[in-house]
Amino acid sequence: MTQVPEDPPALDPDDMPVIDESMLHYAEVDFEKGMSAWPLVSILLIAACSIIFVCELLQDVLGDLQKLIAAGALDPPHVAAGEIWRLVSATFLHGGPGHLIGNVLMIYVLGMACEHGFGRPQFVVLYVLSGVTG
């Protein structure tokens, strides 16, 4: 014979936990303290993306899907054929100036916080894993 689980006891409103000022530590935490306006890894990633974008322009890759794929864009059949390096190379390719500008701004803003919060090595791992899984 199976047992039917009992209903959990009803909570009295007076038993509910309440967050009060003594539990908040916002005055004691200054996340920005020690944060650099020149996050090294983020700046290196921005430089790499920018240099690669200039190479895309010089090779007239933009607007031609086959040239973009040849340059290292993510293409499922190529990845399935073993070209897994495309999972990383695609994170440095951009489809136009707006795409590049949007990405480098986000790399700078989020990268600054992530480098400060996680440290440089963990930020590199986060960046690469985000690119590969994205």
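Reader: Leaving aside its neighbours within four places in sequence, which residues is Ser42 in contact with?
Author: In this predicted model, local features need pLDDT of at least 70, side-chain atom pairs count only at pLDDT 80 or more, and totals for chains, interfaces and linings use all residues. Residues are numbered from 1 along each chain as its sequence is written, and side-chain values use heavy atoms, with hydrogens and water left out. Contact means heavy atoms within 4.5 Å. Once neighbours within four places in sequence are set aside, the contacts of Ser42 are Ile107, Gly111, Met112, Glu115 and Phe123.

Reader: Is Ser42 buried or exposed?
Author: Buried means under 20% relative accessible area and exposed over 50%, with partly exposed in between (1.4 Å probe, protein chains only). Ser42 has a relative accessible area of 0%, so this residue is buried.

Reader: At roughly what angle do the axes of helix 1 and helix 6 cross?
Author: Helices are DSSP runs (H or I, at least four residues), numbered from the N terminus, and axes are lines fitted to C-alpha atoms over the stretch in contact, with angles from 0 to 180 degrees between N-to-C directions. The axes of helix 1 (residues 40-58) and helix 6 (residues 120-133) come within 9 Å, and they cross at roughly 35°.

Reader: Which helix gives the largest share of the largest nonpolar core?
Author: A nonpolar core is a set of buried Ala, Val, Leu, Ile, Met, Phe, Trp, Tyr and Cys residues joined through side-chain atoms within 4.5 Å. The largest one has twelve residues, including Val41, Phe92 and Tyr127. Two or more residues each come from helix 1, helix 5 (97-118) and helix 6. The largest share, five residues, comes from helix 1.
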